[in-house]
Amino acid sequence: MTTFRCPVCGLHYPDATLAEKCAAWCRTHQSCNLAITRHAVASSESS
Ligand SMILES: [Zn+2]
């Protein structure tokens, strides 16, 4: 399964749009938006 990672906070998302929204929010607010991070998926990748 392909996931898209927010480069700022490192959370993984099932689609690129969510990852981009998360990254934009993280860069601007230096915090996480629950409305976005609730869509994050657990990743089994170690990195
Ligand atoms: Zn993020």
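Q: How many residues make up the largest nonpolar core?
A: The structure shown above is a predicted model, and the answer should be read with that in mind. In soluble globular proteins, nonpolar side chains tend to be buried together. Here the largest nonpolar core joins Cys 6, Leu 11, Tyr 13, Leu 18, Ala 19, Cys 22, Cys 26, Ile 36 and Ala 40, so that its residues number nine.

Q: Which element gives the most to the largest nonpolar core?
A: The core includes Leu 18, Ala 19, Cys 22 and Cys 26, and these four residues are the buried ones of the helix that spans residues 16–29. With four residues, the element that gives the most to this core is helix 1.

Q: What pattern does the protein chain follow when read along the sequence?
A: The protein chain has 47 residues, of which 21% count as buried. It holds two helices and two strands. Read along the sequence, these elements follow the pattern β-β-α-α.

Q: How far does helix 1 reach from its first C-alpha to its last?
A: Helix 1 runs over residues 16–29 and therefore has 14 residues, for which the expected span at 1.5 Å a residue is 20 Å. The distance from its first C-alpha to its last is close to that expectation, at 20 Å.

Q: Within what arc do the buried residues of helix 1 fall?
A: The buried residues of helix 1 are Leu 18, Ala 19, Cys 22 and Cys 26. Seen down the helix axis, these buried residues line one face of helix 1, because they fall within an arc of 100°.

Q: Which exposed residues does the face of helix 1 turned away from its buried side carry?
A: The buried residues of helix 1 pack against strand 1 (4–5), strand 2 (12–13) and helix 2 (34–37). The face turned away from that buried side carries exposed residues instead, and these are Ala 16, Thr 17, Arg 27 and Thr 28.

Q: Is Leu 18 buried or exposed?
A: Leu 18 lies in helix 1, and, leaving out residues up to four places away in sequence, Leu 18 touches Tyr 13, Ile 36 and His 39. Leu 18 and Phe 4 are 14 residues apart in sequence, while their C-alpha atoms are 8.2 Å apart in space. Because 20 other C-beta atoms lie within 10 Å, and 20 or more is what the term requires, Leu 18 is buried.

Q: Which residues does Ala 40 touch, not counting residues up to four places away in sequence?
A: Ala 40 is found in the segment after helix 2, and it counts as buried because it has 20 other C-beta atoms within 10 Å. Ala 40 and Cys 6 are 34 residues apart in sequence and 9.7 Å apart in space, C-alpha to C-alpha. Once residues up to four places away are set aside, those that Ala 40 touches are Leu 11, His 12 and Tyr 13.

Q: With which residues is Cys 9 in contact, leaving aside its neighbours within four places in sequence?
A: Cys 9 is found in the loop between strand 1 and strand 2. Cys 9 is partly exposed, because its 17 other C-beta atoms within 10 Å fall between the limits of 12 and 20. Leaving aside its neighbours within four places in sequence, the residues in contact with Cys 9 are Cys 22, Cys 26 and Cys 32.

Q: What phi does Gln 30 take?
A: Gln 30 is found in the loop between helix 1 and helix 2, and it counts as exposed because it has 9 C-beta neighbours inside 10 Å. Its C-alpha atom and that of Cys 9, 21 residues away along the chain, are separated by 9.1 Å. Most residues other than glycine have a negative phi. Gln 30 is not a glycine, yet its phi is positive, at about 55°.

Q: Is Leu 34 buried or exposed?
A: Leu 34 has its place in helix 2, and its C-alpha atom is separated by 9.8 Å from that of Cys 22, twelve residues apart from it along the chain. Because Leu 34 has 7 other C-beta atoms within 10 Å, and 12 or fewer is the limit for the term, Leu 34 is exposed.

Key:
Residues numbered from 1 in each chain as written. Predicted model: local features only at pLDDT ≥ 70, side-chain atom pairs only at ≥ 80, totals over all residues. Arc of directions from axis to C-beta. Contact = placed C-beta atoms within 7 Å. Core = buried A, V, L, I, M, F, W, Y, C linked by C-beta atoms within 7 Å.
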